[in-house]
Amino acid sequence: MVEWTDNERAIINSIFSNLDYEEIGRKSLCRCLIVYPWTQRYFGGFGNLYNAETILCNPLIAAHGTKILHGLDRALKNMDDIKNTYAELSLLHSDKLHVDPDNFRLLADCLTVVIAAKMGPAFTVDTQVAWQKFLSVVVSALGRQYH
């Protein structure tokens with residue numbers, strides 16, 4: 001179990017309270033698919049993903065990015081038990097969708113970049129440390145079924 005300080009909890013809650021799920025979700029997933037094009041293989045049913053422009057304009061990608069961020073709400077509401085909170089989702093991604101677990105880390109990195117850019121100077125060192133700790137726990141929980 002991960003120990004969270006009151007300050008870390010406050011920082012994570014603050015990020016989520018100011019989050020535009022549609023904007024940040026779309027930008028994060030698009031960034032991941034563009035910067036790491038091999039991650040596109042899991043989105044074959046999402047239509048044309050042949051270049052950055054088509055990815056950025058794809059409504060299915062935008063909707064899935066939003067869905068991913070809303071999925072992080074579950075971790076926020078269950079910070080003391082993220083591992084069990086994501087057990088089913090981990091099983092889905094490993095056994096049914098066969099997603100490479102490293103892709104969760106890549107998406108988390110893209111999400112961090114997008115949020116840092118959005119927050120600007122408010123994305124302090126303490127904010128980054130708490131945010132990346134949170135995402136590392138989520139990534140670990142999502143990759144749990146692979147071990």
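**Why these labels?**

Me: Why is Leu56 called partly exposed?
Reply: In this predicted model, Leu56 has a relative accessible area of 37%. Buried would need under 20% and exposed over 50%, so 37% lands in between and Leu56 is partly exposed.

Me: Where does Leu56 sit, and what makes the nonpolar patch it belongs to?
Reply: Leu56 lies in helix H3. The patch is made by Leu56 together with Ile34 and Val35, and covers about 220 Å² of surface. A patch residue needs over 30% relative accessible area, and Leu56, at 37%, passes that cut-off.

Me: How do you know whether Asn58 is buried or exposed?
Reply: Its relative accessible area is 7%. The limit for buried is under 20%, so Asn58 counts as buried. You'll find Asn58 in the loop between helix H3 (52–56) and helix H4 (59–77).

Me: What is Asn58 in contact with, leaving aside neighbours within four places in sequence?
Reply: Phe46, Asn48 and Leu49. Contact here takes heavy atoms within 4.5 Å.

Me: What makes the link from the side chain of Asn58 to Leu60 a polar contact?
Reply: A polar atom of the Asn58 side chain lies 2.8 Å from the backbone nitrogen of Leu60. The cut-off is 3.5 Å, so this pair fits.

Me: And what about Asp20, at the start of H2?
Reply: One of its side-chain oxygens comes to within 3.2 Å of the backbone nitrogen of Glu22. That is also inside the 3.5 Å limit, so it goes down as a polar contact.

Me: What covers the buried residues of H2?
Reply: The cover includes helix H1 (6–17), H3, H4 and helix H7 (102–119). Among the residues it shields are Tyr21, Gly25, Leu29 and Cys32.

Me: Why is Leu135 called buried?
Reply: Its relative accessibility is 5%, and buried means under 20%, so the label holds. Leu135 is found in helix H8, whose other buried residues include Trp131, Phe134 and Val138.

Me: What does Leu135 touch, beyond residues up to four places away in sequence?
Reply: Leu72, Ala108, Leu111 and Thr112. Take Leu111: it is 24 residues from Leu135 in sequence, yet their C-alphas are 9.2 Å apart in space.

Me: How do you know that the reach of H8 is close to what's expected?
Reply: H8 (residues 125–142) has 18 residues and reaches 25 Å from its first C-alpha to its last. The expected span is 1.5 Å times one less than the number of residues, which comes to 26 Å, so the two values are close.

Definitions and conventions. Residues numbered from 1 in each chain as written. Predicted model: local features only at pLDDT ≥ 70, side-chain atom pairs only at ≥ 80, totals over all residues. Heavy atoms only, no water. Helix = DSSP H or I, 4+ residues; strand = E, 2+ residues; numbered from the N terminus. Buried < 20%, exposed > 50% of the residue type's maximum accessible area, 1.4 Å probe, protein only. Polar contact = N/O pair within 3.5 Å; in protein donor to acceptor, adjacent residues only side chain to side chain. Patch = residues over 30% accessible without salt bridge, like charges linked within 9 Å, V, L, I, M, F, W, Y side chains within 5 Å. Areas by Shrake-Rupley, 256 points an atom, 1.4 Å probe, with all protein chains shown as cover. Salt bridge = Lys/Arg side-chain N within 4 Å of Asp/Glu carboxyl O.
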